[in-house]
Amino acid sequence: MRTVTTRSAKDTADLGESFGAMLKPGDVVALFGELGTGKTEFVKGICAGLQISGRPTSPTFTIINEYPARFGIVAHIDLYRIGGEAELRDLGIESYFHEGCICLIEWADRALAILPGDHYAVKILHGDGSERERMVTISSPGELPS
Amino acid sequence: MILAIETSCDETSAAILSNGAVLSNVISSQMIHSQYGGVVPELASRAHLRALEAVTNAALRAAGIEKNEITGVAATSGPGLAGALLVGLMFGKGIACSLGVPFVGVNHLEGHLYSNSLGDAGPEHPFLCLIVSGGHTALVLVRQLFEYQVLGQTRDDAAGEAFDKVAKMLGLGYPGGPLIDKLAQEGNPEAVRFPRSFLEEGSLDFSFSGLKTAVLYHLRDRGLMYPEEEGASIDRGTMADVAASFQEAVVDVLSAKTIEAATRTGTDRITIAGGVSANSLLRSRMQSEAARKGMTLHYPRAEYCMDNAAMIGYVGWLRLKHDRASGLELGVEANLVL
């Protein structure tokens, strides 16, 4: 587990890029953080690290964006509008948990019931300092807090 | 006689068109208290599955036609939520197959582009369209029928999404667009100078994520976030000022970039479409800016701003008329582009 302080949206995206570069097909990344902390910025960075040619945008309305990748697809999921577990299960997100897909899930606190045990967790908090400061904590599958 | 189905996101909708004229247009969220079974909009595919038959039957009944009078079926094939799209596409194909009539898949965004031709004479080609909704923000040049050029689009949040998230921060309900529009009319649009993101010089792309965060900081720094959740309430005047100032920032950017795109492409016909095109400030600002430049502005009737099957049926009708039916092997494409 490591915590990095970022000082701008670009900083957050850069951190996402270096994190994204080490992801493997089949990985699931759960992102936690309030409105406006930069989850989508971090995801954009991950996609740059994965050399996705398309341009990631917020999937809040459509819930799932799919971006073609060399290994298959990147599923960019946003559970902001999900009301409860029944709606979550209706979505069938589990169908994206396979070797041809990397899954990036924003508002993952709403997906706890279906997250695979070996996911990455990324928590983003507003920092104590300037408005733009963020504390980003990345946990690998082996070191998830219980 | 075309039957059209739209299930790309939250709304389940069915429409009947005769020679491009809308006979009926039924949308699930508007059926809540109706006699057809209390369909409540829900997220995801199973909700569409539950609502689709009732919505389609309601559309047939409202149009006063029988199923066997249908001569073609259109359904949205993308972009949207794959599972939701699949429900409508398969349902549409099934009906086309059983009736032995042609089927056509329609791009949801293409539907919005022609939503100004529903019920009114739409603009002649070429025209420029600003699509603004919860899921999309794009400037598209429609050169001629079926020939589109995307000039710019959002790099992060859609404009409608920013409206919904700011409404949530202010403790207003959902959908946020109409509520902010209404509240803003009581507020001072110059009370708070929120940032306008025009991106790099000459860009016709949009970015609303920074504006959303700026509103968040403004409210948080004054202890005004999520008033409902904390049981507190913000003074209505303060809320109205924030709503008006936020809306002003969004409309400033949308209108400036749209006029710039029209000027640059030498187009003097502008249309706006999508849920946010119902916003009163956007309409009045675009109207006056267009008039000042000697351009004409079209905006859709209220019922065709939100996601609806009538616009899908209109494009489906155009496509079938021009021999562009789809094969039954057509699949859904979550990230379909124009």
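Which handedness does the crossing have where H6(B) passes H7(B)? Keep that in mind while you get set up. This is a predicted model, in which local features need pLDDT of at least 70 and side-chain atom pairs count only at pLDDT 80 or more, while totals for chains, interfaces and linings use all residues. Residues are numbered from 1 along each chain as its sequence is written, chains are lettered from A and ligands numbered from 1 in the order in which they are written, and side-chain values use heavy atoms, with hydrogens and water left out.

**Stop 1: H6 and H7 of chain B**

Select residues 209–221 of chain B for helix H6, then add H7(B). Helices here are DSSP runs (H or I, at least four residues) and strands are E runs of at least two, numbered from the N terminus. The two axes come within 11 Å and cross at roughly 160°; axes are lines fitted to C-alpha atoms, for helices over the stretch in contact, and angles run from 0 to 180 degrees between N-to-C directions. H6(B) and H7(B) are therefore roughly antiparallel (under 35 degrees counts as roughly parallel, over 145 as roughly antiparallel, 65 to 115 as roughly perpendicular, the rest as oblique). And the opening question: H6(B) passes H7(B) in a right-handed crossing (the near helix is turned clockwise from the far one by less than a right angle; anticlockwise would be left-handed).

Now show the side chains. Leu211(B), Val215(B), His218(B) and Leu219(B) of H6(B) touch Val242(B), Phe246(B), Ala249(B) and Val250(B) of H7(B), where contact means heavy atoms within 4.5 Å. By class, that gives seven nonpolar residues, one polar and no charged ones (Ala, Val, Leu, Ile, Met, Phe, Trp, Tyr, Cys and Pro count as nonpolar, Asp, Glu, Lys and Arg as charged, and the others, Gly among them, as polar).

**Stop 2: on to H8 of chain B**

Keep H7(B), residues 236–265, and select H8(B), residues 280–292. Their axes come within 10 Å and cross at roughly 35°, and this crossing is right-handed too. Among the contact residues are Val251(B) and Leu254(B) of H7(B), and Leu282(B) and Met286(B) of H8(B). The class count is seven nonpolar, three polar and four charged.

**Stop 3: a helix pair in chain A**

Pick residues 9–20 (H1) and 39–49 (H2) of chain A, which pack at about 40° with axes 6 Å apart. H1(A) and H2(A) are therefore oblique to each other. Residues in the contact include Gly16(A) and Gly20(A) from H1(A), and Gly45(A) and Gly49(A) from H2(A).

**Stop 4: where the chains meet**

Show both chains: 27 residues of chain A are in contact with 34 of chain B. About 2,600 Å² is buried between them, with carbon and sulfur atoms giving 54% (the accessible area, 1.4 Å probe, that two parts lose on being put together, summed over both). Highlight Leu35(A), Phe61(A) and Asp90(A), which supply 26% of the area that chain A buries against chain B, more than any other three residues.

There are two salt bridges between the chains (a side-chain nitrogen of Lys or Arg within 4 Å of a carboxyl oxygen of Asp or Glu). Zoom in on Asp205(B) and Arg55(A), which meet in a salt bridge at 2.8 Å, N to O.

**Stop 5: backbone oddities in chain B**

Most residues other than glycine have a negative phi, and most peptide bonds are trans. Select Gly78(B) and Pro79(B): a cis peptide bond joins them, with omega about -10°. Pro79(B) sits in the loop between strand E4 (72–78) and helix H2 (82–99).

Next, try His125(B) and Pro126(B), also joined by a cis bond, with omega near -10°. Finish at Leu199(B), where phi is near 60°, a positive value; this residue is in the loop between helix H5 (176–184) and H6 of chain B.
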